[in-house]
Amino acid sequence: MSILESLIMGLVEGLTEYLPVSSTGHLIITQYLLGMEDSDAMKAFEICIQGGAILAVLGLYFQRVAAMVRGVLGKDPAGFRMLVNTIVAFLPAAVIGLLCNDYIKDYLFNAPTVMISWAVGGIVILLYVQARNKSGKGFGGAPLEELTWKGALGVGFMQCIAMCPGVSRSLMTMLGGLCVGLSVAAAVEFSFILGLITLGAATCHDAVKYGSHMVEDIGWGPMIAGTVMAWASAWVAVKWMVGYLNRHSLAIFGWYRLAAALVMLLLILNGFEVKQEQEPAEQPQPAEVQE
C-alpha cells in the first residue's frame, strides 16, 4: 500500500465513520476502485484506522469523557450514570455478535447486502423524518442526562442491527436514541460516545492480533498516514454534522444512501463482488460492529 492509498482510505474512513452512511460500504468500494488486494492485513487496517476517528471524537467530547472518569472516582454522579448507560448499550453487541458473527461473515459480507442495506436505510431515514415532522417533535426531546439504563439498552439492541454490512452503526444508534425519547442533539452525542467503546474495542483487538501482519504487509508509514488522515477528516465530519443537524433533519443522509445504493448496483452489474479469502481468518471480537 502506498502513502497516497492509505491517505485516501483514511479520508474515506474519517468522513464516513460517524455519519449515518456506513463506512464499511464506502471502504469496500474504495478498496475496489484502488485495485487493492483483500487480505488479513488489509481487513485489520480498515478496522485500525478507526483509531484516528475515535481520537477525533475523544477530543471533541473530552469534557463528557472526563465526567465519566470522574464518575468512576466517585466525584461526578451524572458522569457515572453516563458511563453505566454506555456500558449497558455496548453489551448487546458483545453478546449477539458472539452468537451471530460466523453467520454474518459467511452470508452477509457481500456487495448485494451492502447495496440493499444502503437502500433500506435511506428509505427508513426518509420515512422517519416524515413521521417525526408530522408529529411536530422536530428537534425536541430529552437531554442526554435523562437517558435511563433501559433506554440505553434499547439503543444497544438497535446498534446490533448494524452488524449487517452497509447498515451503519451511527444510523442505528441515532435512531435508537430518538426512539427512546432523546433530542436530536442528545441522540447524536450518545451515538458518538457509544462509538468510543464499541469501535475502540474492535480497534484494539485487531491492532494486537494483526499488528505484525500490518507492519509487514503495509508498513508503518502508510499506517500512520491513514490514521492521521482519519483523525483529521473525522474531526471535520463530526463538527459539520453536529452543526448541520442542529438546523436540519437527517433527510440528506437518506437521499445520499439511496444514491450510494444506485452506485453499488451499477458496480454489481459491472461484475463487482466482495472478495472472500479462501481460508477465513480467526473471527474478530464481538465488539466489532460494521459501520
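**Close-up 1. The lining of the second largest pocket divides into 8 nonpolar residues, 2 polar ones and no charged ones.** Like every view here, this one comes from a predicted model. Lining this second largest pocket are F45, C48, I49, T203, A207, M214, W220, M223, I224 and T227. Helix 3, helix 10 and helix 11 (220–245) are the elements that each give two or more residues to the lining. Which of the elements gives the most? Helix 11 does, with 4 residues. The space in the second largest pocket comes to about 160 Å³.

**Close-up 2. The largest nonpolar core holds 50 residues.** Let us step over to the core. Y18, F190, F192, M241, L245, L250 and F253 are the members that touch the most other members. Helix 10 (residues 184–217) provides the largest share of this core, 10 residues. A second core lies apart from the largest one and has 14 residues, among them L27, M42, A44 and M223. As a general background to such views, nonpolar side chains in soluble globular proteins tend to be buried together.

**Close-up 3. F190 and its contacts beyond four places in sequence.** What does F190 touch once its neighbours within four places in sequence are left aside? The contacts of F190 are then M82, N85, T86, A89, L144, L147, A152 and V155. F190 is also one of the residues that touch the most other members of the largest nonpolar core.

**Close-up 4. Y18 and F192 form one of the aromatic pairs in the structure.** A search of the whole structure turns up 6 aromatic pairs. In this one, the ring centres of Y18 and F192 are 5.4 Å apart and the planes stand at 90 degrees, so the pair is edge-to-face. The pair links distant parts of the chain, with Y18 in the loop between helix 1 (3–16) and helix 2 (23–33) and F192 in helix 10, 174 residues apart. Are these two residues buried or exposed? Both Y18 and F192 are buried. Ring pairs also bring in Y61, linking Y18, Y61 and F192 into a cluster.

**Close-up 5. W240 and F253 make another edge-to-face pair.** Here the centre-to-centre distance is 6.0 Å, with 80 degrees between the planes. W240 belongs to helix 11 and F253 to helix 12 (residues 251–269), and the two are 13 residues apart. The two partners are worth viewing for their accessibility. W240 has 39% relative accessibility and therefore counts as partly exposed. F253, at 3%, counts as buried.

**Close-up 6. M1, in the segment before helix 1, meets a distant part of the chain.** The C-alpha atoms of M1 and I218 are separated by 5.6 Å, although the two residues are 217 apart along the chain. Which residues does M1 contact, leaving aside its neighbours within four places in sequence? They are S6, M36, M42, F45, I218 and P222. Two of these contacts take us back to earlier views: M42 is a member of the 14-residue core, and F45 lines the second largest pocket. M1 has a relative accessible area of 26%, so M1 is partly exposed.

**Close-up 7. D40 in helix 3 (residues 40–48).** With a relative accessibility of 29%, D40 counts as partly exposed. How far apart are D40 and A202 in sequence and in space? They are 162 residues apart in sequence and 14 Å apart in space, C-alpha to C-alpha. Helix 3, where D40 lies, is among the elements that give two or more residues to the lining of the second largest pocket.

Note on methods: Residues are numbered from 1 along each chain as its sequence is written. This is a predicted model: local features need pLDDT of at least 70, side-chain atom pairs count only at pLDDT 80 or more; totals for chains, interfaces and linings use all residues. Side-chain values use heavy atoms; hydrogens and water are left out. A nonpolar core is a set of buried Ala, Val, Leu, Ile, Met, Phe, Trp, Tyr and Cys residues joined through side-chain atoms within 4.5 Å. Buried means under 20% relative accessible area, exposed over 50%, partly exposed in between (1.4 Å probe, protein chains only). Contact means heavy atoms within 4.5 Å. On a 1 Å grid over the protein atoms alone, a cavity is a set of points where a 1.4 Å probe fits but cannot get out, and a pocket is an open set with protein on both sides within 12 Å along at least five of seven lines; lining residues have an atom within 4 Å of a point. Grid points are joined across faces, edges and corners, and a volume is the space filled by probe spheres set on the points. Ala, Val, Leu, Ile, Met, Phe, Trp, Tyr, Cys and Pro count as nonpolar, Asp, Glu, Lys and Arg as charged, and the others, Gly among them, as polar. Rings of Phe, Tyr and Trp (its six-membered ring) pair if their centres lie within 6.5 Å; planes under 30 degrees apart count as stacked, over 60 as edge-to-face and the rest as tilted.
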